[in-house]
Amino acid sequence: MEGRLAAFIIWTIMGVLFIVMGIYDFNSKKAKPFGFWANAEAAPIEDVKGYNRALGILWCVYGVLFIIIGLPLLDGQNSGLIIIPILGALLISIVAMVAYVVGIEPKYRKKK
């Protein structure tokens, strides 16, 4: 039982870190847009505050979903439900990328 609980606690800590990052982005007063992609400059943004708020909401939703899909880690050893966190993390990551590329970035990007 301790191993399953430890795994879920670590999983939950990661989800909480995503939520904290989202809250920080959402409440940011910086005039610089936060980046979504690792080690890449953010695109030129017209409404930085709106962009950061949208990105904050995206990270908060991602963190909550990340924690929810980790619940099967509390199930018994050798459970087939372990596939849910594995594939679920992959799926919500792809959905977050699509939401950013299709929804957030085009809405706030500077028009040429």
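**Exercises on a predicted three-helix model**

Asp25 lies in helix 1, which covers residues 2-26. The model is predicted.

**Exercise 1.** Determine whether Asp25 is buried or exposed, and which side chain of opposite charge is nearest.

Solution.
- Step 1: Asp25 is buried.
- Step 2: The nearest side chain of opposite charge is that of Lys30, 8.2 Å away.
- Step 3: A salt bridge requires a side-chain nitrogen of Lys or Arg within 4 Å of a carboxyl oxygen, so Asp25 has none.
- Step 4: Leaving aside residues up to four places away in sequence, Asp25 touches Phe34, Asn52, Arg53, Leu55, Gly56 and Trp59.

**Exercise 2.** Describe the largest nonpolar core and state which elements give two or more residues to it.

Solution.
- Step 1: This core has 22 residues, and the members touching the most others are Tyr51, Leu55, Leu58, Tyr62, Tyr100 and Ile104.
- Step 2: Two or more residues come from each of helix 1, helix 2 (48-69) and helix 3 (83-108).
- Step 3: Helix 2 supplies the largest share, nine residues.
- Step 4: For Leu58, contacts beyond four places in sequence are Phe36, Ala96, Ala99, Tyr100 and Ile104.

**Exercise 3.** Summarise the fold pattern and the burial of the protein chain.

Solution.
- Step 1: The chain has three helices and zero strands, in the order α-α-α.
- Step 2: Of its 112 residues, 36% are buried.
- Step 3: Among contacts with a separation of 6 or more, 68% join residues 24 or more positions apart.
- Step 4: The exposed area is about 7,300 Å², with 71% supplied by carbon and sulfur atoms.

Conventions: Residues numbered from 1 in each chain as written. Predicted model: local features only at pLDDT ≥ 70, side-chain atom pairs only at ≥ 80, totals over all residues. Heavy atoms only, no water. Helix = DSSP H or I, 4+ residues; strand = E, 2+ residues; numbered from the N terminus. Buried < 20%, exposed > 50% of the residue type's maximum accessible area, 1.4 Å probe, protein only. Lys, Arg positive; Asp, Glu negative; His and termini not counted. Contact = heavy atoms within 4.5 Å. Core = buried A, V, L, I, M, F, W, Y, C linked by side-chain atoms within 4.5 Å. Areas by Shrake-Rupley, 256 points an atom, 1.4 Å probe, with all protein chains shown as cover.
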